[in-house]
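Work through the exercises below with the sequence and the model open. Each task is followed by a solution in steps.

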Amino acid sequence: MDVIPQGAAIDSVEPIPNDDRIDLHPGVVDLWCFFYEERDEGALKTAYESLMTSAERRRCDRFRFEKDRRMFRATRALVRTVLTRYQNVAPADWQFDEGEYGKPYISGPAAAPKLSVNLTNTKGLVVCAVSAPGGELGVDAENLTRTSDTIAIADRFFSASEVRALHAQPEHKQQERFFTYWTLKESYIKARGMGLAIPLGQFSFLVDDGDRIGIAFDPRLEDDPSRWQFAWMRADPHFVIAVGADVSPHPMRLRFRKVIPLADEVMK
Ligand SMILES: CC(C)(COP(=O)(O)OP(=O)(O)OC[C@H]1O[C@@H](n2cnc3c(N)ncnc32)[C@H](O)[C@@H]1OP(=O)(O)O)[C@@H](O)C(=O)NCCC(=O)NCCS
């Protein structure tokens, strides 16, 4: 499937193959989902800690609440074990560095191809997106049960056309549509790697009930809509995930797999 229908359940997306070494053809974007609260962490906790660098352990220890430390461990374990599915590199041997605005990228081992990777975490779900080296890639997930005054946030931060489109929705659909726009906007700023240095009102998503999602840019952003492809989907049923990728000229092809990092190794 080259284009995923907007809002489809993620389980309906083509699966990531269960091969020993997974191929990543141009245009393919793999989404690895870890619903880390579905079971007790138990013995996995030690296994996850053993994969962390000392800097990661220090960062983990700085979280005040155990729920945040658990999410952090889940994220580290997911990205390391996922990358090992593509390359003959042990999970603990992957090295990461950060761009100017904090976007992590693969910095080692030297011989390993620098796959595009982006992570998102929300209460209950961590997602690792991976595509072939070179293209910009961003992913965002949100928990739909999160309560906030969504319309007021949209009025304040979204572009004028997005605000109009959101208000035009029937009231019972506004909450989900808000999260659709929110995650899409995050997927774009995360793909660009610049965080809120990109003003949220300077780009607009066009979301209708068709197959494609459009983006339009204020000239000040100096970006070209034709290089971007986006998708959004529902997962399990409280989560929205959006992904944005510059994989042009190839059509984006999404694949998905639900995983529990190191479950097989620890349960042996
Ligand atoms: C990182 C950022 C881009 C997104 O943060 P977030 O939505 O809270 O967090 P997510 O869970 O989606 O992503 C966090 C992960 O993104 C990655 N990340 C960090 N900085 C990043 C950046 N500049 N660009 C892309 N990815 C980044 C990291 O892997 C991070 O997880 P980790 O610290 O455990 O490794 C944040 O700096 C930001 O600017 N948020 C904007 C919030 C906002 O107001 N959004 C409005 C949308 S309408």
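**Exercise 1.** Find which residues of the largest nonpolar core touch the most other members, and name the elements that each supply at least two residues of this core.

*Solution.* Step 1: a nonpolar core is a set of buried Ala, Val, Leu, Ile, Met, Phe, Trp, Tyr and Cys residues joined through side-chain atoms within 4.5 Å; buried means under 20% relative accessible area, exposed over 50%, and partly exposed in between (1.4 Å probe, protein chains only). Step 2: the largest such core has 31 residues, and Trp32, Leu78, Leu83, Tyr86, Cys128 and Val130 touch the most other members. Step 3: at least two residues each come from strand 1 (28-34), helix 1 (44-51), helix 3 (66-84), strand 4 (116-122) and strand 5 (125-131). Helices (H or I, at least four residues) and strands (E, at least two) are DSSP runs, numbered from the N terminus. Step 4: the top contributor is helix 3, with seven residues.

The model is predicted, so local features need pLDDT of at least 70 and side-chain atom pairs count only at pLDDT 80 or more, while totals for chains, interfaces and linings use all residues. Residues are numbered from 1 along each chain as its sequence is written, and side-chain values use heavy atoms, with hydrogens and water left out.

**Exercise 2.** List what Leu83 is in contact with, leaving aside neighbours within four places in sequence.

*Solution.* Step 1: contact means heavy atoms within 4.5 Å. Step 2: the partners of Leu83 are Trp94, Phe96, Ile106, Leu115, Val117 and Val130. Step 3: apart from the core described above lies another, of 28 residues, including Leu144, Trp182, Ile189 and Phe203.

**Exercise 3.** Explain why Cys60 forms no bond to the closest cysteine sulfur.

*Solution.* Step 1: a disulfide is a pair of cysteine sulfur atoms within 2.5 Å. Step 2: the closest cysteine sulfur to that of Cys60 belongs to Cys128 and is 18 Å away, so it is too far for a bond. Step 3: Cys128 is in no disulfide either, as its nearest cysteine sulfur, in Cys33, is at 9.8 Å. The structure holds zero disulfides. Step 4: Cys60 is buried at 3% relative accessible area, and Cys128 is buried at 0%.

**Exercise 4.** Locate the residues Pro109, Pro249 and Glu222, and describe the backbone there.

*Solution.* Step 1: most residues other than glycine have a negative phi, and most peptide bonds are trans. Step 2: the Gly108 to Pro109 bond is cis, with omega near 0 degrees; Pro109 sits in the loop between strand 3 (104-108) and strand 4. Step 3: Ser248 and Pro249 are also joined by a cis bond, with omega about 10 degrees, and Pro249 is in the loop between strand 10 (239-245) and strand 11 (253-258). Step 4: Glu222 has a positive phi, near 50 degrees, in the loop between strand 8 (213-217) and strand 9 (229-235). Glu222 is exposed, at 73%.
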